[in-house]
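Here are some short questions and answers about one structure. Each answer sets a value against a definition.

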Amino acid sequence: MKYSSLKNYIEGEFVEQDLETMEVLSPIDGNMISSVPLSGYDAVDKAVLSAKKAFHKWSSATIKERVQVFYRYKYLLEENIDELSELIQEENGKTLSEARAEVEKSIEVTEFACSLPQISAGEILEVSKGVECRIDRYPLGVVASITPFNFPNMVPNWTIPNAIVLGNAMILKPSEQVPLSANRIAELLKEAGLPDGVFNVVHGAREAVEAICDHPGIEAVSFVGSTKTAKAVYARGTSKLKRVLALGGAKNHLIVFPDANTDMTASNVAASMTGCAGQRCMAASAMVAVGPVDHIISKIVEEAKKIIPGKNLGAVISKQAKERIENYITEAEKGGAKVLLDGRNSRVEGKENGFYVGPTILDYVRPEMKIAKEEVFGPVLSIMRTGKIEDAIKIQNSSLYGNAASVFTQSGGVARYVIDNASAGMIGVNIGVPVPREPFSFGGWNESKFGTGDITGKSSIEFWTKLKKTTIKWNPESRTNWMS
Ligand code: NAD
């Protein structure tokens, strides 16, 4: 085992707790690299106590003082980017350059958090003579962030810097499949000067998540993961009267028109469907080909053939994930889809026990097929053919999800029609992965998100704070008017 058994991080220390553990396997070669504790209510309770103790002092500091920690944290992310990327690659299986891009996004969201003193100021107005109303933002208290396997460093960092700069104390519950990055984040935050207890890590799976939803000491929960779990967390957390924002799964449609730039479209679609082995909630999963676009499809296949497992294509997270993805492909083929590129049974020399699926492109998929409707979460593109823009929109709109949709065309009118009519929270025009850059916020629609607001950007300020409205009068009564 390359790394020692992991521990929960509570009150600034990695603590020994008598807990059941689970193996952590590297998807690259299937080797066990560590083990992770499976916490329950007691461990969550200890983390809540630690965070509660730290909250008062942390929230009493000014935001300008609090943000100093995150200037240093940003620098530490930059300084340690090589090592952090290697750790991500080992536990998640993505390529080193994808892991690096993930840390770069963590740096960008930390930069945004560093701007919070500038943009989260309250409001004040003299509402009548001598009387002013003001709004101040207050942190919520102890908050929790529950994260998925596909971005072990970035998704935790969607929430940590913003929530903590705004004065909250946090408990992170990372995915039990990729728990190593979370402990490294804890070390870097400590090195950056974050007081003990302001940030805690509780490892585990369902039991830990349910304890977070139930614990009366936790005020708010952010969740990122599959729709099934997002729904369960949203329902359970809100039933305990917590503020919950739960981001779920996705099925993103790329709508491609014949006038689109062939090379650019092909390279964008191929990169979108295969990046992070298709395990991105923003990945191209379904392509709706409107009219005669065979020339673009051939080029997409040509581009996808250049993406080789173990070289520029990483592994999928587990053996079960590999089997699930391959089953989707087999079932679609049996149902009449034409396999243009087949990534099943991929083997990487020297890494025979790794979990690899090659790029797969299926043509003539029909909208009612399972592969057209469900989230596959692998490097698989399902192409559906249609003749009219209205039908393409109908296909997109029939999805239960609504994270992202993209249109590829040279026509402004066509693009505008898709922007207006696609039912998704994030839209791309000639962009395969339309992730908004900071300060624009991230979040989908429909069953890709439960709760109001988005998880990053200005929207996160609303989620992580509450408003206090104060009306003040200092003037002598004789000089007041009717509103005073
Ligand atoms: P997941 O739902 O299995 O797990 C997410 C978190 O929930 C983990 O911390 C896990 O321990 C916990 N969990 C798992 N099952 C649970 C249960 N039954 N009860 C309570 N907690 C449970 O998701 P995953 O497989 O880790 O991640 C992949 C999913 O995340 C995909 O669906 C992907 O689209 C989605 N995702 C969405 C976004 C977004 O922004 N919308 C971003 C990244 C990933």
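**The ligand and its surroundings**

Q: How do the residues of the shell around the ligand divide into nonpolar, polar and charged?
A: This is a predicted model. In it, the shell around the ligand holds 14 nonpolar, 10 polar and 4 charged residues. Gly counts as polar here.

Q: What makes a residue part of the group around the ligand?
A: One of its heavy atoms must lie within 4 Å of the ligand. There are 28 residues around the ligand. Lys173, Glu176, Ser226, Gly248 and Glu375 come nearest.

Q: Why is the pair between Lys173 and the ligand called a polar contact?
A: The cut-off is 3.5 Å between N or O atoms. A side-chain N or O atom of Lys173 is 2.8 Å from an oxygen atom of the ligand. The pair is therefore a polar contact.

Q: What makes the backbone of Gly225 count too?
A: A backbone N or O atom of Gly225 lies 3.2 Å from a ligand oxygen atom. The limit is 3.5 Å, so this pair is also a polar contact.

Q: How much of the ligand does the protein bury?
A: Taken alone, the ligand exposes 840 Å². The protein buries 87% of that.

Q: Where does the ligand sit?
A: The ligand sits in the largest pocket. To sit there, more than half of its atoms must lie within 2 Å of the pocket's grid points.

Q: Which domains supply at least three residues each to the shell?
A: Domain 1 (8–248 + 448–469) and domain 2 (252–429) do.

Note on methods:
Residues numbered from 1 in each chain as written. Predicted model: local features only at pLDDT ≥ 70, side-chain atom pairs only at ≥ 80, totals over all residues. Heavy atoms only, no water. Polar contact = N/O pair within 3.5 Å; in protein donor to acceptor, adjacent residues only side chain to side chain. Areas by Shrake-Rupley, 256 points an atom, 1.4 Å probe, with all protein chains shown as cover. 1 Å grid on protein atoms, 1.4 Å probe; cavity = no way out; pocket = protein on both sides within 12 Å on 5 of 7 lines; lining within 4 Å. Domains from an automatic or database assignment.
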